[in-house]
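Biologist: Could you put the model up, and then we can go through it together?

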Amino acid sequence: MTAQLDAAVGIVAVDHVGIAVPDLDEAIAWYARTLGLEATHTETNEEQGVREAMLHAPDDPAGTAIQLLAPLNERSTIAKFIDRNGPGLQQVAYRVRDVEDTAAKLREKGVRLLYDQARRGTADSRVNFVHPKDAGGVLVELVQPAADSAGH
């Protein structure tokens with residue numbers, strides 16, 4: 001095996017880029033009006049403390065998404081992020097085949113993850129996060145889409 005193959009952890013594609021916003025409806029309208037992106041999925045995720053929307057280019061509804069994340073309350077991680085940094089880029093998410101396998105491979109490399117076990121993400125996906133201090137200051141999300149999902 002080459003070093004490149006030995007380093008593989010199971011990333012399939014860039015899944016989405018997460019953007020923290022104070023008002024989800026206002027942000028969805030801005031992205032539609034200004035950039036022509038369409039909201040293809042919205043939900044409230046109580047466990048993560050957010051209202052969220054996945055946006056796609058009209059001609060690429062299964063491609064890489066923009067995820068808008070608005071806090072449900074002032075205690076949510078997104079509310080704290082906005083208080084600390086203002087609205088803006090919050091995370092980059094990579095699609096993986098098996099989030100637990102990818103997490104284990106990363107831990108073997110000395111990378112810290114935020115959760116011991118994957119948690120529920122958007123549209124019943126399974127997610128975990130690489131600690132930003134281990135990823136050059138970027139919050140990296142690992143996303144295993146739900147079995148009946150095409151990735152979003």
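Modeller: We can take salt bridges, a helix, a pocket and some backbone angles in turn. This is a predicted model, so to speak, in which local features need pLDDT of at least 70 and side-chain atom pairs count only at pLDDT 80 or more, while totals for chains, interfaces and linings use all residues. Residues are numbered from 1 along each chain as its sequence is written, and side-chain values use heavy atoms, with hydrogens and water left out.

Biologist: How many salt bridges are there by your rule?

Modeller: The count comes to eight, where a salt bridge is a side-chain nitrogen of Lys or Arg within 4 Å of a carboxyl oxygen of Asp or Glu. Side chains of opposite charge can pair when their charged atoms come close.

Biologist: Which residue meets arginine 51 in a salt bridge?

Modeller: Aspartate 25 does, at 3.2 Å from N to O. The pair links distant parts of the chain, with arginine 51 in strand E3 (residues 50-56) and aspartate 25 in helix H2 (residues 24-35), 26 residues apart. Helices (H or I, at least four residues) and strands (E, at least two) are DSSP runs, numbered from the N terminus.

Biologist: Are those two buried or exposed?

Modeller: Arginine 51 is partly exposed at a relative accessible area of 32%, and aspartate 25 is partly exposed at 48%. The cut-offs are under 20% relative accessible area for buried and over 50% for exposed, with partly exposed in between (1.4 Å probe, protein chains only).

Biologist: And what about arginine 112, which residue does its side chain meet?

Modeller: The side chain of arginine 112 forms a salt bridge with that of aspartate 134, at 2.8 Å from N to O. Arginine 112 lies in the loop between helix H4 (99-108) and strand E6 (119-120), and aspartate 134 in the loop between strand E7 (126-130) and strand E8 (140-144), so the pair ties together parts that are 22 residues apart in sequence. Arginine 112 is partly exposed at 43% relative accessibility, as is aspartate 134 at 30%.

Biologist: Which residues are linked in a network?

Modeller: Glu43, Arg120 and Asp124 are linked in a network of salt bridges. Within it, the closest N and O atoms of aspartate 124 and arginine 120 are 3.6 Å apart; aspartate 124 counts as exposed at 53% relative accessibility, whereas arginine 120 is partly exposed at 31%.

Biologist: Where does aspartate 124 sit, and what is its phi?

Modeller: Aspartate 124 is in the loop between E6 and E7, and has a positive phi of about 65° although it is not a glycine. Alanine 123 lies in the loop between E6 and E7 and has a positive phi of about 55°, again without being a glycine. Most residues other than glycine have a negative phi. Alanine 123 is partly exposed, with a relative accessible area of 25%.

Biologist: Switching to H3, which residues are buried there?

Modeller: In helix H3 (residues 77-85), Ile78, Ala79, Phe81 and Ile82 are buried. They cover an arc of only 160° around the axis, which puts them on the same side of H3; the arc is that of the directions from the helix axis to the C-beta atoms. An α-helix has 3.6 residues a turn, so residues three or four places apart point the same way.

Biologist: What do they pack against, and what is on the face turned away?

Modeller: The buried residues of H3 pack against strand E1 (11-20), E3, strand E4 (65-71) and strand E5 (88-96), with contact meaning heavy atoms within 4.5 Å. The face turned away from the buried side carries the exposed residues Thr77, Asp83 and Arg84. Just after H3, glycine 86 takes a positive phi of about 85°.

Biologist: What is the volume of the largest pocket, and how many residues line it?

Modeller: The volume is about 550 Å³, and 28 residues line the pocket, of which Gln48, Thr77, Gln90, Phe129 and Leu139 lie nearest its centre. On a 1 Å grid over the protein atoms alone, a pocket is an open set of points where a 1.4 Å probe fits, with protein on both sides within 12 Å along at least five of seven lines, and lining residues have an atom within 4 Å of a point. Grid points are joined across faces, edges and corners, and the volume is the space filled by probe spheres set on the points.

Biologist: Which element gives the most to the lining?

Modeller: H3 does, with five residues, while E3, E4, H3, E5 and E7 each supply at least two. The lining divides into 11 nonpolar, 11 polar and six charged residues, where Ala, Val, Leu, Ile, Met, Phe, Trp, Tyr, Cys and Pro count as nonpolar, Asp, Glu, Lys and Arg as charged, and the others, Gly among them, as polar.
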